[in-house]
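Dear colleague,

Please find below the structure that I am handing over to you. My notes on what was found in it follow directly after.

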Amino acid sequence: MDSNILKIEIERLIKGPIKRDYELPPADFDLLEDREFSFREPVKGSITAKLAGPHNVLVEGTIATTAKVECVRCLHELKIPLTVSFQTVFLPTPEDAERFDDPQDDDRLYYKGDMLDPREQMREELMLALPALPSCEHESMRDCPHGRELGDMASAATPAAEEAPEPAPNSWQAQLDRVRRELDS
Ligand SMILES: [Zn+2]
């Protein structure tokens, strides 16, 4: 699939909304390496574009992909699923270039000519969805070993923990036991 799938022909919007399903490599969104995150899996979803006013274009849709990153606590490599919904209005590029110098216009997004490519904005939306402190909790079905140790320390303070002499799998007692067993064998 070509990244042109996301380009919206402004002329065609006069006839009605344009809806497209897409599945593209992360490189098409300039996503291969960003800070500590890396992207290897396809970026997919759907977008719908329609006129909002005579020239403004409303683009809404979804972006789904997976980001790879290390847990900030245990350094385990995580695959964090991301699904983002977005809704953005693009304005035609103003004739008067001075309008770009108006600080009030900073948040506005423009399309140029007769074609609108929302990819850059979609990339921004995805970046905003990335966790600031990625940890095992962001990956489903995984407990952070580090987080679990913290949990054990908390429960050890309660009397009930004294009835459970079995050391946690990653506690220093368990590790010492393993080393001893290895030395004995
Ligand atoms: Zn972790």
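**Confidence and overall layout**

Over residues 150-164 the pLDDT stays under 50, and for this stretch the model has four contacts beyond four places in sequence. Please bear in mind that this is a predicted model. The mean pLDDT of the protein is 81, and 75% of its residues reach 70 or more.

The protein contains four helices and nine strands. Read from the N terminus, the elements follow the order β-α-β-β-β-β-β-β-β-β-α-α-α. Of the 185 residues, 16% count as buried. Among contacts between residues at least 6 apart in sequence, 53% join residues at least 24 apart.

**Strand 6 and its partners**

Strand 6 spans residues 57-70 and is a convenient place to begin. It pairs with strand 4, strand 5 and strand 7, as follows.

- Strand 4 (residues 37-39) runs antiparallel to strand 6, and two bridges join them. Here Phe39 has Ala67 of strand 6 as its bridge partner.
- Strand 5 is also antiparallel to strand 6, with six bridges between the two. Lys50 stands opposite Leu58 of strand 6.
- Strand 7 is joined to strand 6 by 14 bridges, again in an antiparallel arrangement. Thr62 stands opposite Ser85 of strand 7.

In a regular strand, side chains alternate between the two faces of the sheet. In strand 6, the covered face consists of Val57, Val59, Gly61, Ile63, Thr65, Ala67 and Val69, while the uncovered face carries Leu58, Glu60, Thr62, Ala64, Thr66, Lys68 and Glu70. Ala67, the bridge partner of Phe39, thus belongs to the covered face, whereas Thr62, which stands opposite Ser85, belongs to the uncovered one.

**A buried residue in strand 5**

Ala49 lies in strand 5, which covers residues 43-51. Ala49 is buried because 25 other C-beta atoms lie within 10 Å. Which residues does Ala49 contact, leaving aside its neighbours within four places in sequence? They are Ile8, Leu13, Pro17, Ile18, Val57, Leu58 and Val59. Of these contacts, Val57 and Val59 are on the covered face of strand 6, and Leu58 is on the uncovered face. As for Ile18, its C-alpha atom is separated from that of Ala49 by 5.2 Å, although the two residues are 31 apart along the chain.

**Turns, loops and positive phi values**

Most residues other than glycine have a negative phi. Two residues in this model therefore deserve a note, and a glycine may be listed beside them.

- Asp30 is not a glycine, yet its phi is positive, near 55°. Asp30 lies in the loop between strand 2 (18-24) and strand 3 (33-34), and it is exposed because 12 other C-beta atoms lie within 10 Å.
- Leu75, likewise not a glycine, has a positive phi of about 65°. Leu75 is found in the loop between strand 6 and strand 7 (77-92). These two strands form a hairpin with six residues between them. Leu75 counts as exposed because it has 9 C-beta neighbours inside 10 Å.
- Gly53 has a positive phi of about 90° and sits in the turn of the hairpin that strand 5 and strand 6 form, with five residues between the strands.

With kind regards

How values were computed:
Residues numbered from 1 in each chain as written. Predicted model: local features only at pLDDT ≥ 70, side-chain atom pairs only at ≥ 80, totals over all residues. Buried ≥ 20, exposed ≤ 12 C-beta atoms within 10 Å, placed from the backbone. Contact = placed C-beta atoms within 7 Å. Pairing = 2+ DSSP bridges. pLDDT = per-residue confidence, 0-100.
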